[in-house]
Amino acid sequence: MSDEPAPPRKTYGLKPREFETVNQPRPNAAPVPPPVRDPGVVPASDGPIDVRELTRQALTTGPLLSATPPPNRPNDVHAMLQHNLAKADAAGLNEVMPLVRRRSRRRRDYWALIFGVNGLTSSSLFVVGVNPVSVFAVLAAITFFSAAITWIMWVLLEDY
């Protein structure tokens, strides 16, 4: 047993119901009404649902639930955007030029890598000496590098 005293007992409780008010409301501001409780599912009409009534509602033209105006009515922002578009058109900023296809450097880089790396690899035979193991290792390295660089240059990379 240790001689240390037991730690004080922890008490747990619920969070307070009210939020802490940080910004006080302005003195002349209208009071905010308290939120209204959601009524839940509103009961339907007194009679049973009639299929003929549903069909009649489906065949009516226009919105059934909303009487709001269309969302894209003209406003000041649309007028400013139209003005900016007219200025850009007058300045020629919106004219599309045809893309000139430039010559790709991929073929040049591919052959430079193939001849350069494979030439250096095969020239290592003169440094190491010609024996079956070194010849097999050089041929394996040339094959692996050629397959890898072909895959990278012609499958993985886009035209650059």
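How are H3 and H4 oriented to each other, roughly parallel or roughly antiparallel? In this predicted model, helix H3 (residues 106–128) and H4 pack at an angle of about 170°, and because angles over 145 degrees count as roughly antiparallel, the two helices are roughly antiparallel to each other. The points below begin with this pair of helices and then turn to a surface patch, to the salt bridges, and to some pairs of residues that are compared along the chain and in space.

**Packing of H3 and H4**

- The axes of H3 and H4 are 10 Å apart where the two helices pack at their angle of about 170°.
- Sorted by class, the residues in the contact of H3 with H4 are 14 nonpolar, 7 polar and 3 charged.
- Asn118 has its place in helix H3, and this residue counts as buried because its relative accessible area is 12%, whereas the limit for buried is under 20%.

**A nonpolar patch on the surface**

- Trp151, Ile152, Trp154, Val155, Leu156 and Leu157 together make a nonpolar surface patch of about 590 Å².
- One of these residues, Leu156, belongs to helix H4, which covers residues 132–156.
- Leu156 has a relative accessible area of 56% and is therefore exposed, since the word is used for values over 50%.

**Salt bridges**

- The count of salt bridges in the model comes to 3, and each of them is described in the points that follow.
- Arg56 and Glu53 are joined by a salt bridge with a distance of 2.4 Å from N to O, and both residues lie in helix H1 (residues 51–59), where they are 3 residues apart, about one turn of the helix.
- Both partners in that bridge are partly exposed, Arg56 with a relative accessible area of 46% and Glu53 with a relative accessible area of 32%.
- Asp50 forms a salt bridge with Arg52, and here the closest N and O atoms are 3.9 Å apart, which falls within the 4 Å that the rule for a salt bridge allows.
- Asp50 is partly exposed, with a relative accessible area of 36%, while Arg52 is exposed, with a relative accessible area of 68%.
- Asp109 and Arg108 also meet through their side chains in a salt bridge, at 3.2 Å from N to O.
- Asp109 is partly exposed at a relative accessible area of 21%, whereas its partner Arg108 counts as exposed at 52% relative accessibility.

**Separation along the chain and in space**

- Asn118, the buried residue of helix H3 described above, is 21 residues from Met97 in sequence, and the C-alpha atoms of the two residues are 43 Å apart in space.
- Pro74 and Glu53 are likewise 21 residues apart along the chain, and their C-alpha atoms are separated by 37 Å.
- Pro74 is placed in the loop between H1 and helix H2 (76–91), and this proline counts as exposed because its relative accessibility is 75%.
- Gly13 lies in the segment before H1 and counts as exposed, with a relative accessibility of 67%.
- Gly13 and His78 are separated by 65 residues in sequence and by 55 Å in space, from C-alpha to C-alpha.

Key
Residues are numbered from 1 along each chain as its sequence is written. This is a predicted model: local features need pLDDT of at least 70, side-chain atom pairs count only at pLDDT 80 or more; totals for chains, interfaces and linings use all residues. Side-chain values use heavy atoms; hydrogens and water are left out. Patches are made of residues with over 30% relative accessible area and no salt bridge: like charges are joined within 9 Å, nonpolar side chains (Val, Leu, Ile, Met, Phe, Trp, Tyr) within 5 Å. Accessible areas come from the Shrake-Rupley method with a 1.4 Å probe; for residues, only the protein chains shown count as cover. Helices (H or I, at least four residues) and strands (E, at least two) are DSSP runs, numbered from the N terminus. Buried means under 20% relative accessible area, exposed over 50%, partly exposed in between (1.4 Å probe, protein chains only). Axes are lines fitted to C-alpha atoms, for helices over the stretch in contact, and angles run from 0 to 180 degrees between N-to-C directions. Angles under 35 degrees count as roughly parallel, over 145 as roughly antiparallel, 65 to 115 as roughly perpendicular and the rest as oblique. Ala, Val, Leu, Ile, Met, Phe, Trp, Tyr, Cys and Pro count as nonpolar, Asp, Glu, Lys and Arg as charged, and the others, Gly among them, as polar.
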